[in-house]
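Biologist: Thanks for sitting down with me. Could you walk me through this fold, one piece at a time?

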Amino acid sequence: MNHRISAQVFDRMVDHLNNGTTDQADSVLHVPVSNFALPEHLARELEVFRRQWLVGAMASELPEPGSFVTRDILGSAVLFVRQKSGKVATYLNMCRHRGGKVELEDRGKKPFFVCAYHGWSYDGDGALRGVPFEEQLGPVDRGCNNLHAVNCEERHGIVWINFAADAPGTLTEFLGAADAVLADYGLENSVIHMDKKIHSNINWKLVMDGAIDVLHPQFLHPTGVGKLIQTNASVWQDLGRHGRSFSVYKKLAEKIKAGTVEPEDRRYVTGNMVLFPNVNLIPTPDHFEFWNVWPDLKDPGKCFIHIRFVVDAAKLDERIAGRINRSWEILEQAALEEDFPMEETIQANALARPVGDFLYGRSEAPCQHLHRQLARELAAAPS
Ligand code: FES
Ligand SMILES: [Fe+2]
């Protein structure tokens, strides 16, 4: 089963294969090379990130009341906690005494959190609970010394967070048309089967570009993905801030040639959900590839790529696990041995000569989208 490929998308893809066409943007896009190389530009992008709803954690990482996860996100230490009520709350992992992390473990289950420095403790709902030697130290105002809360919402199996200090738009507004697509994916029931963290010498946007670039498979991956996926045949579905980029297995072109196309052949079309600013979510028959690409805080030439393979808990058995592991090997070979090394050459060139533009052609509508949306967000940013 492939995930929710509509008849329109399928027909459009069949047309492209018949006619040697692909979806096109209205115009070409020129993106300054300096956008990949200058720390000042990165600093402005990070401000944009802090106003978006971002993927903080998977809901399955917090299975029961008291479950917690700590994580550094965009330079902030964050603590996710499943409340007694079942809801997830998110706090800065920062003691109100003098700023220590109140939780040092990556994950676990606790009824309350005790700062290891001077023993201040906090309930799971962030309320300051105990202050050792308070009589001599104090007074400490209980109402004003709870953990700092971070905007957070659990939806579609994901814990979303937003660092905006003033009221951000709602998650519903942020997701827009992507909300219904995510609901359809049913990620609520999924668990993390594989969790890979890669630090690379590449600007985050180049990694995002590479993951949806349908113009390169036959050239960069001639013996691997390029043999399977049709190069330069893509359908782009604009979902406002977000979008879906569809590509197609060559197998469908063969079936068209043989005149044996049938409705089940939708399985040869794959849709890659791109959530602004830094998520690629790729449904496969067995699992979802979930890419989160985080900019480095200082260096535009570095990023942190977090790839999770998530799978429906009820479906996960030995056979499926074997197929998912094989799928990781294919991804690893293409990404680590071919995509990332090429992107590193782009990055090195951009840093050495941050002048002029890179071209995103009309046939590269999915890649254009990130840069167009980012430009809109940067223009709207308070200066
Ligand atoms: S910094 Fe946490 S108790 Fe002092
Ligand atoms: Fe690639």
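Modeller: Gladly! One definition to begin with: an angle of 65 to 115 degrees between two axes counts as roughly perpendicular, while angles under 35 degrees are roughly parallel and those over 145 roughly antiparallel. Please keep in mind that this is a predicted model.

Biologist: With that in hand, how are helix 2 and helix 11 oriented to each other?

Modeller: The axes of helix 2 and helix 11 (residues 365-380) come within 10 Å and cross at roughly 90°. That angle lies in the range of 65 to 115 degrees. The two helices, helix 2 and helix 11, are therefore roughly perpendicular.

Biologist: Nice. Which residues of helix 11 does helix 2 meet?

Modeller: The contact divides into 3 nonpolar, no polar and 3 charged residues. Helix 2 brings Arg44, Glu45 and Val48, and from helix 11 they meet Leu374, Glu377 and Leu378.

Biologist: And what about helix 6 and helix 10: how are they oriented to each other?

Modeller: Helix 6 (residues 204-212) packs against helix 10 (residues 318-352) with the axes 10 Å apart and an angle of about 135°. Angles over 145 degrees would count as roughly antiparallel, and 65 to 115 as roughly perpendicular. Helix 6 and helix 10 fit neither description and are therefore oblique.

Biologist: Which residues of helix 10 are met by helix 6?

Modeller: Helix 6 passes helix 10 in a right-handed crossing. By class, their contact has 3 nonpolar, 2 polar and 2 charged residues. Leu206, Val207 and Gly210 are the helix 6 residues, and in helix 10 they meet Asp339, Glu343, Ile346 and Gln347.

Biologist: On to the sheet. Which strands stand at the edges?

Modeller: It is an open sheet of 7 antiparallel strands, in the order 12-18-17-16-15-14-13. The two at the edges each have a single partner strand, so one side of each is left without a neighbour in the sheet: strand 12 and strand 13 (235-239).

Biologist: How many bridges join strand 12 to strand 18?

Modeller: One pairing is that of His199 with Phe304 in strand 18. The two strands run antiparallel, and the bridges joining strand 12 to strand 18 number 10.

Biologist: Last one: which elements of domain 1 each supply at least two residues to the side touching domain 2?

Modeller: The chain is divided into domain 1 (7-51 + 178-380) and domain 2 (54-166), with centres 33 Å apart. Domain 1 gives 17 residues to the contact and domain 2 gives 12. On the domain 1 side these are 11 nonpolar, 2 polar and 4 charged. The elements you asked for are helix 2 (39-49), helix 5 (178-185), strand 12 (190-200) and strand 18 (303-312).

Definitions and conventions: Residues numbered from 1 in each chain as written. Chains lettered and ligands numbered in written order. Predicted model: local features only at pLDDT ≥ 70, side-chain atom pairs only at ≥ 80, totals over all residues. Axes fitted to C-alpha atoms, helices over the stretch in contact; angles between N-to-C directions. Helix = DSSP H or I, 4+ residues; strand = E, 2+ residues; numbered from the N terminus. Left-handed = near helix turned anticlockwise from the far one by under 90°. Contact = placed C-beta atoms within 7 Å. Nonpolar A, V, L, I, M, F, W, Y, C, P; charged D, E, K, R; others polar. Domains from an automatic or database assignment. Pairing = 2+ DSSP bridges.
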